[in-house]
Amino acid sequence: MLDAMPDPKPATKLVQVKDLKMYFPIHTGLLRRHTGDVKAVDGISFDIMEGETLGLVGESGCGKSTVGRALLRLYELTGGSVTIDGDDIAKLGAEALRKKRPTMQMVFQDPQASLNPRMTVAALIGEPLDEHGGMSATEKLARVYELMDAVGLNRNFANRYPHAFSGGQRQRIGIARALALNPKFIVCDEPIAALDVSIQAQVVNLLEDLQEKFGLTYLFISHDLSMVRHIADRVAVMYLGRIAELSPREPLYAEPLHPYAKALLSAVPEPDPEHEAKRRRIILQGDVPSPSNPPKGCNFCTRCPEVIPMCHEVEPDLLEVRPGRFVACHLVKPETKTPAAGSTGRPEVKEHNQQGEPRI
Amino acid sequence: MADGAKPVLDVRGLQTVFRTRGGDIHAVNSVSFHLKPGELLGVVGESGSGKSVTMMSLIGLLPMPPAEVRAGEVLLGDTDILKISAEELQKVRGRRIGFVFQDPMTSLNPVFTVGNQVMEPLRWHMGMNKKQAFARAVELLDLVGIPDAARRMKDYPHQFSGGMRQRVMIAIALACDPEVLIADEPTTALDVTIQAQIIELVKELRTKLGMAIVWITHDLGVIAGIADRVMVMYGGQVVEQGPVAELFANPQHPYTRALLKTIPSVTGERETRLKVIEGQPPILGAAPSACPFMPRCAHSFARCAVENPPRRPIGRAEVGWGHDVACHWDARSGGPHA
């Protein structure tokens, strides 16, 4: 069928995330006792294939940036494992982790805040080379120029300071920094959110070119669903610390399965008045609950338009309901495909029925 | 006037300059537009295009100096509000023109209760006593969809979520039943699902109350869904203006055309590569003698460098009523405009 996407490349898993948990403790009272946790990320698992772009979308506070940071161990994980290129990041010692850092880099949201205003562009881009490279001054300068060419910055500006650049150019400096050590995996945390519409496209095209040229793997975190559709191969939709749906791009946008993914996609305004007039929007009621006190059962049950009693009791698992599509919802059952009832179809169906059948 | 109704707001030739040590910045250059009763005018542009400064300068919200409104008139009904005194202008702001700003957290006062802030314009402009103002404020909060309004009156802004705070801001703006509501990027700081809630609310309030609205945004998608008419700004000028369906179906200015192409779609065809507008937005150092979009324009020719194009009508109606564009290039013939 349409959504039966055959795997285009013999993919190896570059990043494997298993049951990742990231809790931030809450301390209250005079004695600052540990009274609870903000469960920013509450047990999520996914893989990213080599050369792939995984989009991670969700509203603010759903934990998508925390996932990005936890993957690079910018936080100490509360639980679970993150395996990047063979090593479990969560368990590496300080020195081993430092050795590992060149393979995994990050592009930050706000290029204004993430670049030191007192350093020149050459110094900014050269800093990772100082830390990890052990290059001579001439080698380093050559590499800085090479990187500036790669991201489309004029070499003549190497001695200027970040304030002399526009937002889009600053983001290019941030990307050059991330590229400096030939990484395999880059976490892009809302890299275009702070940019103007006409500049966003420039940066996204640059990221795509670089991916092709250097064979990079991206985790692209964004709240802009239309841009994610453009850049990502597969998309994970997060809600309140968990993955609601993880699907290849086209089937997700054509037919979202999880009620939250449906609502989220229907809320995106389209620049087409005719289409907008005809469109029926799913308006979610209320706000996202606090991650320090998530609802019992399915975390979306308080706002879900299709909620059933079971949702308040049982937490749904993320199951493969269509080939390659994972959904965490009691209402979405694995498809019993009759035409494809071959050798692989049968046992799979049986297995999911045991878990997915509502007991009402 | 072409279609009868007298505009509630008529801005003519507005020019705003910021005087800085590095020289003058011409943020708004002879901007003219009007707003008919009950109409929703969408103003689109990138940051620095002058859309917010235009709205701020017409109700005197810019710090002067460094800002300076050099020319123009702003007719609200029959009065030119650029000419009236500061005290008189204060009676216009909040009373006849309501304002909703982008970030509801910074525009609400954190040390006063929400009720207090909704009651303020009622007490100040409408001369209500405390009891009347309280009753009306509860009504207003109810109107903008805040559940359990009477009890929430005593809460402080930090006890509200982002979407709820923006509802409070809308309630304050609507308190005195203004003729014009100016909403400056009211949903930009909100998540898409909350943005959809606020847009539905505004649509509903329009049919109930029928005020005219100016909605500033950089999101063409939002505009497509709610506006009657759209004004596109670039480099401190209005480059194109027209009814929403017409403008999206037949964009005339190269900037509008390019902008519409750079946005990827959620539902339509997926482009393998995004179209880009090369280059950077202009820095408005001098009063423009050339078209501000010229350095980034794919259709520019010699005349664009020497003459800033005036707005010219497309089709029948006179400038300002139908569809108009400020460009020397003619999108329909694909060559210079005669």
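Which residue forms a salt bridge with K100(A)? I started my notebook on this predicted model there. The partner is D87(A), with the closest N and O atoms 3.0 Å apart.

**Entry 1: the K100(A) pair**

I looked up where each end sits. K100(A) belongs to helix α2 (residues 94-100) of chain A, and D87(A) to strand β5 (residues 87-88) of chain A. The two are 13 residues apart, and the pair links distant parts of the chain. Next I checked burial. K100(A) has 7% relative accessibility, so I noted this lysine as buried. D87(A) is partly exposed, with a relative accessible area of 32%.

**Entry 2: other salt bridges**

I took the total over all chains and got 43 salt bridges. I then picked out K64(A) and E190(A), whose side chains meet at 3.6 Å, N to O. This pair also links distant parts of the chain, 126 residues apart. K64(A) is in helix α1 (residues 64-71) of chain A. E190(A) is in the loop between β7 (185-189) and α7 of chain A.

Are K64(A) and E190(A) buried or exposed? K64(A) counts as buried because its relative accessibility is 6%, under the 20% limit. E190(A) is at 8% and counts as buried too.

I went on to K140(A) and D130(A). Their side chains form a salt bridge at 3.0 Å, N to O. K140(A) lies in helix α5 and D130(A) in helix α4, both of chain A, so the bridge ties together parts that are 10 residues apart in sequence. K140(A) is partly exposed, at a relative accessible area of 23%.

I also found a network in chain A. R229(A), D233(A), R249(A) and E250(A) are joined by salt bridges that share partners.

**Entry 3: helix α4 of chain A**

D130(A) had led me to α4(A), so I listed the buried residues of this helix, residues 121-132. They are V121(A), A122(A), L124(A), I125(A), G126(A), P128(A) and L129(A). I looked for what covers them. The cover includes α5 (137-150) and α6 (167-179) of chain A. After α4(A) comes G134(A), and its phi is positive, near 65 degrees.

**Entry 4: nonpolar cores**

I turned to the largest nonpolar core, which has 68 residues. Which residues touch the most other members? They are I175(A) and L210(A). Helix α7(A) gives the largest share of this core, seven residues.

I followed L210(A) outward, leaving aside residues up to four places away in sequence. L210(A) touches A150(A), V151(A), I175(A), L179(A), G215(A), L216(A) and Y218(A). I175(A), listed above as a core member, is therefore in contact with L210(A), since heavy atoms of the two come within 4.5 Å.

A second, separate core has 62 residues. Its members include V144(B), C176(B), I194(B) and I226(B).

**Entry 5: the contact of chain A and chain B**

How many residues does each chain bring to the contact? I read 40 residues from chain A and 45 residues from chain B. The two chains bury about 3,600 Å² between them. Carbon and sulfur atoms hold 55% of that area.

I ran the salt bridge rule across the interface, and it finds one. The bridge joins the side chains of D209(A) and R273(B) at 2.9 Å, N to O. Polar contact is found in seven residue pairs across the interface, both residues at pLDDT 80 or more.

I then sorted the chain A side by helix. α7 (197-214), α8 (225-231), α9 (249-254), α10 (259-267) and α11 (273-278) each supply at least two residues. The largest share comes from α7(A), with nine residues. By type, the chain A side divides into 16 nonpolar, 11 polar and 13 charged residues.

**Entry 6: positive phi in chain B**

I closed with backbone angles. Two residues other than glycine caught my eye: D148(B), with a positive phi near 60 degrees, and D177(B), with a positive phi near 55 degrees.

D148(B) is in the loop between α5 (130-143) and α6 (149-152) of chain B. Its relative accessible area is 45%, so D148(B) is partly exposed. D177(B) sits in the loop between α7 (162-174) and β7 (180-184) of chain B. D177(B) counts as exposed because its relative accessibility is 53%, over the 50% limit.

Notes: Residues are numbered from 1 along each chain as its sequence is written. Chains are lettered from A and ligands numbered from 1 in the order in which they are written. This is a predicted model: local features need pLDDT of at least 70, side-chain atom pairs count only at pLDDT 80 or more; totals for chains, interfaces and linings use all residues. Side-chain values use heavy atoms; hydrogens and water are left out. Buried area is the accessible area (1.4 Å probe) that two parts lose on being put together, summed over both. A salt bridge is a side-chain nitrogen of Lys or Arg within 4 Å of a carboxyl oxygen of Asp or Glu. A polar contact is a pair of N or O atoms within 3.5 Å; within protein, one must be able to donate a hydrogen and the other to accept it, and residues adjacent in sequence count only if both atoms are side-chain atoms. Helices (H or I, at least four residues) and strands (E, at least two) are DSSP runs, numbered from the N terminus. Ala, Val, Leu, Ile, Met, Phe, Trp, Tyr, Cys and Pro count as nonpolar, Asp, Glu, Lys and Arg as charged, and the others, Gly among them, as polar. A nonpolar core is a set of buried Ala, Val, Leu, Ile, Met, Phe, Trp, Tyr and Cys residues joined through side-chain atoms within 4.5 Å. Buried means under 20% relative accessible area, exposed over 50%, partly exposed in between (1.4 Å probe, protein chains only).
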